Amino acid sequence: MDSSTLSFLYFIAISTLICSSIATRDLHKNSEINTSEFIKTSCGTTLYPKLCIETLSPYSNSIQTSPMELANSALTVSLKGAKSTTTKISKMSKEQNLGPEEAHALMDCVENMEDSVDDLQKSLLEMKNLNGPDFEEKMGNVMTWVSAALTDEDTCMDGFEGNNGEVKATIRTYIVNVAQLTSNALALTKNLSSS
């Protein structure tokens, strides 16, 4: 999956979000839905529902049936994934057997992933302060930062265009995983803002 494919997935994710908010609103009306059903149904509004269920189920005690806790947990999972990916790519960038182009692309990728981590951290902090009359503005900030994190992840692959080596394949695996986590977080946060 190259950067144009990730960009296409990002476009599809945004389009899907608009259609999916109705399903999440319906969830709030039925307080008898148990937690696992709530997570499963909510994850059904994302592009990667299986990954969503797998990564959010461990947080079921804190999520219960709260859309806010669901969005927070999804952002937390995405942040952990971004940090882990940043660490892995940083270690790869220090390997001795890299060509100059690969080394440069990896360093750029580390910077992009550090930006992604910063954006996700800002989003989580803002989510803690959503109460009050400026809810819409704060939700707008969260959506902007999560979208920016997804773009940063996508941009990481740009330096590897024209390179079909093992390094690119490994990086692609890391980036696809974290981008899917961030896409899911974006969808669930968007659902929260629509409710």
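A residue is termed buried when its relative accessible area is under 20%, exposed when this area is over 50%, and partly exposed in between, as found with a 1.4 Å probe and with protein chains only taken into account. By this criterion L120, with a relative accessible area of 0%, is buried. The structure is a predicted model, in which local features need pLDDT of at least 70 and side-chain atom pairs count only at pLDDT 80 or more, while totals for chains, interfaces and linings use all residues. Residues are numbered from 1 along each chain as its sequence is written, and side-chain values use heavy atoms, with hydrogens and water left out.

The protein chain contains 8 helices and 0 strands, where helices (H or I, at least four residues) and strands (E, at least two) are DSSP runs numbered from the N terminus. Along the sequence the pattern is accordingly α-α-α-α-α-α-α-α. The chain has 195 residues, of which 46% count as buried. Its accessible surface, obtained by the Shrake-Rupley method with a 1.4 Å probe, amounts to about 9,600 Å², and 53% of this surface belongs to carbon and sulfur atoms. Contacts (heavy atoms within 4.5 Å) were also examined by separation in sequence. Among those between residues at least 6 apart, 72% join residues at least 24 apart.

In soluble globular proteins, nonpolar side chains tend to be buried together. A nonpolar core is a set of buried Ala, Val, Leu, Ile, Met, Phe, Trp, Tyr and Cys residues joined through side-chain atoms within 4.5 Å. The largest such core has 47 residues, and L56, I89, L106, C109, M127, I171 and I175 touch the most other members. At least two residues of this core are supplied by each of α2, α3, α5, α6, α7 (135-156) and α8. Helix α8 gives the most, with 10 residues.

Helix α3 shows how a helix can be placed against its surroundings. Its buried residues are L51, C52 and L56. Seen down the axis of α3, these residues fall within an arc of 110° (taken from the directions from the helix axis to the C-beta atoms), so they line one face of the helix. The cover over them includes α2 (35-43), α4 (60-63), α5 (67-93) and α8. For L56, the residues touched, not counting those up to four places away in sequence, are I39, C43, I63, L70, S73, A74, V77 and L188.

A further link to α3 is provided by N184, a residue of helix α8 (residues 166-194). N184 counts as buried, at 3% relative accessibility. When neighbours within four places in sequence are left aside, N184 is in contact with T46, L47, Y48, L51 and C52, and two buried residues of α3, L51 and C52, are included in this list. A polar atom of the N184 side chain lies 3.1 Å from the backbone oxygen of Y48.

Residue L120 is located in helix α6. Outside the residues up to four places away in sequence, L120 touches L75, S78, L79, A82, A149, E153 and T182. The C-alpha atom of L120 is separated by 8.2 Å from that of T76, although the two residues are 44 residues apart along the chain.

The structure holds 3 salt bridges, a salt bridge being a side-chain nitrogen of Lys or Arg within 4 Å of a carboxyl oxygen of Asp or Glu. One joins the side chains of K50 and E54, with an N to O distance of 3.2 Å. Both residues lie in helix α3 (residues 49-56), 4 residues apart, or about one turn of the helix. K50 is exposed, at 63% relative accessibility, whereas E54 is partly exposed, at 47%. Another salt bridge is formed between the side chains of D119 and K122, at 3.8 Å from N to O. These residues are 3 residues apart in helix α6 (residues 100-127), and therefore are separated by about one helical turn. D119 is buried, with a relative accessible area of 10%, and K122 is partly exposed, with 37%. In the salt bridge between D134 and K138, the closest N and O atoms are 3.7 Å apart. Here D134 is partly exposed, with a relative accessible area of 29%, while K138 counts as buried, at 16%.

The backbone of Q64 was also noted. Q64 is found in the loop between α4 and α5, and its phi is near 50°, a positive value in a residue other than glycine. Q64 is partly exposed, with a relative accessible area of 42%.

Notes
Polar contact = N/O pair within 3.5 Å; in protein donor to acceptor, adjacent residues only side chain to side chain.
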